[in-house]
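Let's take a walk through this model together, starting with its empty spaces and moving on to the helices that pack side by side. Keep the structure open as you read.

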Amino acid sequence: MSVFERLIATTLPLVPSPIIRTVASRYVAGETLDDAFSAVEGLNREGASATLDVLGEDVTRREETRFFVDEYKRALAGIAARNLDSNVSVKLSAMGLKFDPQLAWENFREVALEARRHGNFVRIDMEDSSVTQATIDLFRRARAEFDNVGIVLQAYLRRTQKDVADAIAERWSVRICKGIYVESPTLALRDPDLIRRNYAYVTDRMLAGKIPVGIATHDEAMVLEALHAIERHGRRREEYEFQMLMGVAVGLRRLILAQGHRLRVYVPFGTAWKGYSLRRLKENPAIVRHVLAGVFKGNRGL
Ligand SMILES: Cc1cc2nc3c(=O)[nH]c(=O)nc-3n(C[C@H](O)[C@H](O)[C@H](O)COP(=O)(O)OP(=O)(O)OC[C@H]3O[C@@H](n4cnc5c(N)ncnc54)[C@H](O)[C@@H]3O)c2cc1C
């Protein structure tokens with residue numbers, strides 16, 4: 001990213017909402033559940049499955065968690081009613097984990113029960129390191145009662161090698177990603193090459209250990225490493241899947257699908273679309289260039 005683009009990325013919050021909204025439509029399905037269902041229908045037609053994420057930021061009160069529980073239950077019911085190929089991804093902070101772990105457990109349990117009622121699955125997203133252990137603790141508690149739940153591990157965390165060993169021993173369903181939060185170097189690798197080496201290593205371990213793995217990356221080198229490991233360990237098509245974010249690396253997504261692998265797209269939706277989109281925009285310099293074009297040419301069609 002050029003210095004100029006970097007500057008624009010950090011001042012993106014000042015960009016007028018209609019422009020952000022136009023660019024955001026690539027990364028976010030829309031504000032409502034119906035928008036999300038339409039996006040999933042499109043992806044299913046393309047041969048991809050989906051996972052729905054209800055967007056939200058900074059849940060700090062008990063009453064706010066209720067909205068997320070109800071919205072996830074509506075999502076699960078709607079997926080079943082429309083016969084869509086999608087599960088859901090839940091952030092435990094939206095369930096109350098950061099201020100009341102028992103409430104988070106009760107909320108999560110309600111969502112997992114609804115998923116089970118519909119024969120569906122709930123993935124617990126992994127958030128910043130202040131809640132890694134609490135997230136794994138709640139997941140273990142859930143596993144004692146449910147077999148339709150999975151977790152996410154982050155290759156940048158130094159602890160992940162040990163967590164992967166536990167995952168294999170306890171037969172978890174794991175989504176492996178690099179990790180998206182800013183973490184201290186005592187807890188997390190910072191060097192992109194080291195993160196990639198760890199990503200390839202732990203993915204190989206899990207494929208060798210024959211647990212269900214969601215390989216979440218848009219990094220072609222990591223996709224290639226995973227394909228080699230899948231072949232090396234003789235994993236069958238239904239035992240793993242690739243995962244990508246909506247709107248990111250669409251060309252690579254189509255190539256993976258065309259090669260006959262399963263691929264799930266993470267579909268965020270909800271009224272909190274602006275914060276999410278700003279984060280996506282900051283991560284992708286090419287998109288920042290489009291935003292620039294929109295800002296300076298007054299072109300809202302982008
Ligand atoms: C399905 C899915 C679920 C995830 N769940 C979590 C989670 O629970 N917890 C967590 O910490 N992280 C999560 N992540 C994010 C992940 O940790 C990485 O930060 C992100 O995927 C970028 O890493 P990468 O492997 O794609 O490689 P990178 O090298 O970062 O990206 C490869 C290329 O893809 C493009 N790209 C990648 N990410 C984006 C983006 N967000 N917006 C625009 N362009 C992008 C860029 O052009 C980049 O050059 C998830 C990612 C995916 C795909």
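A pocket, as the word is used here, is an open set of grid points with protein on both sides within 12 Å along at least five of seven lines. The model you are looking at is predicted, so please read what follows as a description of that model.

With that in mind, turn to the second largest pocket, which has a volume of about 330 Å³. It is lined by 21 residues, and Phe121, Arg123, Ser173, Pro212 and Arg264 are the ones closest to its centre. If you would like to find this pocket by its secondary structure, look for strand E2 (86-90), strand E6 (213-216) and strand E7 (240-245), each of which supplies at least two lining residues. What classes of residue make up the lining of this second largest pocket? There are 10 charged residues, together with 6 polar and 5 nonpolar ones.

Next come the helix pairs. Start with helix H4 (residues 62-81) and helix H5 (residues 101-117), whose axes lie 9 Å apart and make an angle of about 10°. Angles under 35 degrees count as roughly parallel, and H4 and H5 are therefore roughly parallel to each other. On the H4 side, the contact is made by Arg62, Thr65, Arg66, Val69, Tyr72, Lys73, Leu76 and Ala77, while H5 contributes Leu103, Asn107, Glu110, Val111, Glu114 and Ala115. By class, the residues of this contact are 7 nonpolar, 5 charged and 2 polar.

Now move along the chain to helix H7 (residues 160-170) and helix H8 (residues 192-208). Their axes come within 10 Å and cross at roughly 10°, which makes H7 roughly parallel to H8. The crossing of these two helices is right-handed. From H7, Thr160, Gln161, Val164 and Ile168 take part, and they meet Asn198, Tyr201, Val202, Arg205 and Met206 of H8. Sorted by class, this contact has 5 nonpolar residues, 3 polar ones and 1 charged one.

Stay with H8, because this helix also packs against H9, with axes that come within 9 Å and cross at roughly 25°. That angle makes H8 roughly parallel to H9, and here too the crossing is right-handed. In H8, the residues involved are Arg196, Tyr199, Ala200, Thr203, Asp204 and Leu207, and their partners in H9 are Ala221, Met222, Glu225, Ala226, Ala229, Ile230 and Arg232. The contact of H8 with H9 divides into 8 nonpolar, 4 charged and 1 polar residues.

One last empty space brings us back to this pair of helices. How many cavities of 30 Å³ or more does the structure hold? There is 1, and the largest cavity has a volume of about 30 Å³. H8 and helix H9 (220-232) each supply at least two residues of its lining. The residues to look for around this cavity are Tyr199, Ala200, Thr203, Asp204, Met222, Glu225, Ala226 and Ala229, and you have just met these names in the contact of H8 with H9. By class, the cavity lining has 5 nonpolar residues, 2 charged ones and 1 polar one.

Terms used. Residues are numbered from 1 along each chain as its sequence is written. This is a predicted model: local features need pLDDT of at least 70, side-chain atom pairs count only at pLDDT 80 or more; totals for chains, interfaces and linings use all residues. Side-chain values use heavy atoms; hydrogens and water are left out. On a 1 Å grid over the protein atoms alone, a cavity is a set of points where a 1.4 Å probe fits but cannot get out, and a pocket is an open set with protein on both sides within 12 Å along at least five of seven lines; lining residues have an atom within 4 Å of a point. Grid points are joined across faces, edges and corners, and a volume is the space filled by probe spheres set on the points. Helices (H or I, at least four residues) and strands (E, at least two) are DSSP runs, numbered from the N terminus. Ala, Val, Leu, Ile, Met, Phe, Trp, Tyr, Cys and Pro count as nonpolar, Asp, Glu, Lys and Arg as charged, and the others, Gly among them, as polar. Axes are lines fitted to C-alpha atoms, for helices over the stretch in contact, and angles run from 0 to 180 degrees between N-to-C directions. Angles under 35 degrees count as roughly parallel, over 145 as roughly antiparallel, 65 to 115 as roughly perpendicular and the rest as oblique. A crossing is left-handed if the near helix is turned anticlockwise from the far one by less than a right angle, and right-handed if clockwise. Contact means heavy atoms within 4.5 Å.
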